[in-house]
Amino acid sequence: MKKKKEIKVLLVDDEVDFVDTLAQRLKMRELLVDTVYNGEQALSFIKKTEPDVIVLDLKMPGLHGIEVLREIKTLSPQIQVIILTGHGAERDEEEARRLGGFDFLRKPADIDLLVAKIKEAFMEKVERAMTAIAFAEEGAFDTAQKIIRKEE
C-alpha cells in the first residue's frame with residue numbers, strides 16, 4: 001500500500017507563543033510542521049529544506065513578510081505561500097497576490113480554514129509539478145519524433 005505524502009509546512013512568525021501553539025495544532029492534523037521566527041531564518045531554512053507550503057506573517061522585525069515572499073519566489077517559485085497576518089492592509093494583499101502568494105488570511109484565522117488552505121495550496125503545487133512533467137515529457141516525445149523522421 002502506497003504511503004500518502006505528508007504536507008511539509010513552514011510557519012514564519014515572530015510571535016513565538018502563537019507560532020508554537022499553531023504548530024502543535026497543525027501537527028495534530030497530521031501535517032509536518034517546522035517553525036522559524038523571522039524572515040532571515042525562513043530564507044535560510046528553505047535553502048536547506050524545501051517545504052511545500054509556507055504560512056508567513058507580514059509584520060516582523062528585520063525583513064517584512066512581503067520582502068520574504070519576494071525572495072522565496074525567487075529562490076523556489078514552486079513553494080506555495082499563505083500570508084497569515086494581523087497587520088495587513090489591502091495594498092499588502094494586492095502585492096502578495098501579485099508576487100505569487102497563494103492566499104491572504106487575517107489573524108485570528110480559523111484553524112480548519114487554515115488547514116483547508118494549506119491542503120489547497122499543496123494540491124496546486126502538485127498539479128503544477130505534474131503539468132511541468134507532462135510538458136517536459138511531451139517535449140521529449142516531440143524531439144524523439146523529429147529525430148526519427150530525420151533518420152527515415
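Let's start with two helices: α3 and α4 are roughly parallel to each other, because angles under 35 degrees count that way and theirs is about 5°. This is a predicted model, so keep that in mind as you look around. The axes of α3 (residues 65-75) and α4 (residues 90-98) lie 10 Å apart. On the α3 side, the residues that meet α4 are Ile66, Leu69 and Arg70. Across from them, α4 brings Asp92, Glu95, Ala96 and Arg98. Sort the residues of this contact by class and you get 3 nonpolar, no polar and 4 charged.

Now turn to the other partner of α3. Helix α2 (residues 39-48) packs against α3 at an angle of about 10°, again with the axes 10 Å apart. That makes α2 and α3 roughly parallel to each other as well, because of the under-35-degree rule. Here α2 offers Gly39, Ala42, Leu43, Ile46 and Lys47, while α3 answers with Val68, Glu71, Ile72 and Leu75. The residues of this contact divide into 6 nonpolar, 1 polar and 2 charged.

Next comes the sheet. There are 5 strands in an open sheet, and reading across you meet β2, β1, β3, β4 and β5 in that order, with parallel pairing. Which strands stand at the edges? They are β2 (32-36) and β5 (103-106), and each has a single partner strand, so one side of each is left without a neighbour in the sheet. From one strand to the next, the twist averages 20°.

Have a closer look at one pair. β1 and β2 run together in the parallel sense over 5 bridges. Within that pairing, Leu11 stands opposite Thr35 in β2. Helix α2 turns up again here, packing on the sheet, where it touches β1, β2 and β3. The direction of α2 makes about 155° with that of β1. Another helix, α1, lies across β1, β2 and β4 (80-85), and α1 runs at about 175° to β2.

What about empty space inside? A search of the whole structure turns up 1 cavity of 30 Å³ or more, and the volume of the largest cavity is about 30 Å³. Its lining is made by Leu11, Val12, Asp13, Phe18, Val19, Leu22, Val55, Leu56, Asp57 and Leu84. You have already met one of these, Leu11, facing Thr35 in β2. Which elements each supply at least two residues of the lining? They are β1 (8-12), α1 (16-27) and β3 (53-56). The largest share, 3 residues, comes from α1. By class, the lining has 8 nonpolar, no polar and 2 charged residues.

Finally, two spots in the backbone are worth a visit, both of them in loops. Between α1 and β2 you'll find Glu30. Glu30 has a positive phi of about 65°, although Glu30 is not a glycine. The other spot is Pro108, which sits in the loop between β5 and α5 (111-151). The peptide bond leading from Lys107 to Pro108 is cis, with omega near -10°.

Key: Residues are numbered from 1 along each chain as its sequence is written. This is a predicted model: local features need pLDDT of at least 70, side-chain atom pairs count only at pLDDT 80 or more; totals for chains, interfaces and linings use all residues. Side-chain values use heavy atoms; hydrogens and water are left out. On a 1 Å grid over the protein atoms alone, a cavity is a set of points where a 1.4 Å probe fits but cannot get out, and a pocket is an open set with protein on both sides within 12 Å along at least five of seven lines; lining residues have an atom within 4 Å of a point. Grid points are joined across faces, edges and corners, and a volume is the space filled by probe spheres set on the points. Helices (H or I, at least four residues) and strands (E, at least two) are DSSP runs, numbered from the N terminus. Ala, Val, Leu, Ile, Met, Phe, Trp, Tyr, Cys and Pro count as nonpolar, Asp, Glu, Lys and Arg as charged, and the others, Gly among them, as polar. Two strands pair if DSSP finds at least two bridges between them. Axes are lines fitted to C-alpha atoms, for helices over the stretch in contact, and angles run from 0 to 180 degrees between N-to-C directions. Contact means heavy atoms within 4.5 Å. Angles under 35 degrees count as roughly parallel, over 145 as roughly antiparallel, 65 to 115 as roughly perpendicular and the rest as oblique.
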